[in-house]
Amino acid sequence: MNQERLLQVLLAPQISEKATWVAEKNEQVIFRVASDATKPEVKAAVELLFKVQVESVQIANVKGKQKRFGRFNGRRKGWKKAFVSLAAGQAINFVEGGAA
């Protein structure tokens, strides 16, 4: 895989209450990824950027919410998120900027 493409696959870590709970319980990290990203690309990108070993990747499409702007109806853009399972004993610490 092209290294430039791998650097564009991961957009941001998804940090929320649910993401923290999933990280503690299942040893997974949640990322917001490009809408055309595949599981092998996400796995390679995480291993390249954070120097950790990835066991598996699950990907979910999140539908955009229906919103109102005054009397007009609108829709937010949908996005894709990836649940990345790390190997036992490995973690990613976003505060320090890399693998723990």
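Strand β2 (residues 28-33) and strand β6 (residues 79-86) of this predicted model run antiparallel to each other and are joined by six bridges. Within this pair, Val-29 is set opposite Val-84 of β6. On the other side of the sheet order, β1 and β2 are also antiparallel, with three bridges between them, and here Pro-13 faces Phe-31 of β2. Strands of a sheet pair through backbone hydrogen bonds, in either a parallel or an antiparallel arrangement.

These strands belong to an open, antiparallel sheet of four strands in the order β1-β2-β6-β3. Its edges are β1 (10-13) and β3 (54-62), each of which pairs on one side only. On average, neighbouring strands of the sheet are turned by 30° against each other, direction ignored. Strand β2 is mostly covered, with five of its six residues buried.

A separate antiparallel pairing connects β4 (residues 66-69) with β5 (residues 72-75) over four bridges. Arg-68 has Asn-73 in β5 as its bridge partner. The two strands form a hairpin with two residues between them, and Gly-70 in the turn has a positive phi of about 70°.

The antiparallel pairings with a stated bridge count are listed below.

| Strand pair | Bridges | Residues opposite each other |
|---|---|---|
| β2 and β6 | six bridges | Val-29 and Val-84 |
| β1 and β2 | three bridges | Pro-13 and Phe-31 |
| β4 and β5 | four bridges | Arg-68 and Asn-73 |

Two helices are described relative to the sheet. Helix α2 (residues 17-26) packs on the sheet and touches β2 and β6, its direction making about 140° with that of β2. Helix α3 (residues 39-50) lies across β1, β2, β3 and β6, and runs at about 120° to β3.

The largest nonpolar core contains 19 residues, and those with the most contacts inside it are Leu-10, Phe-31, Val-42, Val-46, Val-84 and Ile-92. The elements α1, β2, α3, β3 and β6 each give two or more residues to this core. Helix α3 supplies the largest share, four residues. In soluble globular proteins, nonpolar side chains tend to be buried together.

Which residues does Phe-31 touch, not counting residues up to four places away in sequence? Its contacts include Leu-10, Val-46, Val-84 and Ile-92; these four are also among the core residues with the most contacts. Among the other contacts of Phe-31 are Pro-13, Phe-50, Lys-80 and Phe-94.

Leu-7 lies in helix α1 (residues 3-9). Is this residue buried or partly exposed? Leu-7 counts as partly exposed because its relative accessibility is 47%, which falls between the limits of 20% and 50%. Beyond residues up to four places away in sequence, Leu-7 touches Leu-48 and Leu-49. The C-alpha atoms of Leu-7 and Leu-49 are separated by 7.9 Å, although the two residues are 42 residues apart along the chain.

Aromatic rings appear in two further results. A search of the whole structure finds one aromatic pair. In addition, the charged end of Arg-32 sits over the ring of Trp-79, at 3.9 Å from its centre.

Methods
Residues are numbered from 1 along each chain as its sequence is written. This is a predicted model: local features need pLDDT of at least 70, side-chain atom pairs count only at pLDDT 80 or more; totals for chains, interfaces and linings use all residues. Side-chain values use heavy atoms; hydrogens and water are left out. Two strands pair if DSSP finds at least two bridges between them. Axes are lines fitted to C-alpha atoms, for helices over the stretch in contact, and angles run from 0 to 180 degrees between N-to-C directions. Contact means heavy atoms within 4.5 Å. Rings of Phe, Tyr and Trp (its six-membered ring) pair if their centres lie within 6.5 Å; planes under 30 degrees apart count as stacked, over 60 as edge-to-face and the rest as tilted. A charge sits over a ring if NZ of Lys or CZ of Arg is within 6 Å of the ring centre and within 35 degrees of the ring normal. Buried means under 20% relative accessible area, exposed over 50%, partly exposed in between (1.4 Å probe, protein chains only). A nonpolar core is a set of buried Ala, Val, Leu, Ile, Met, Phe, Trp, Tyr and Cys residues joined through side-chain atoms within 4.5 Å.
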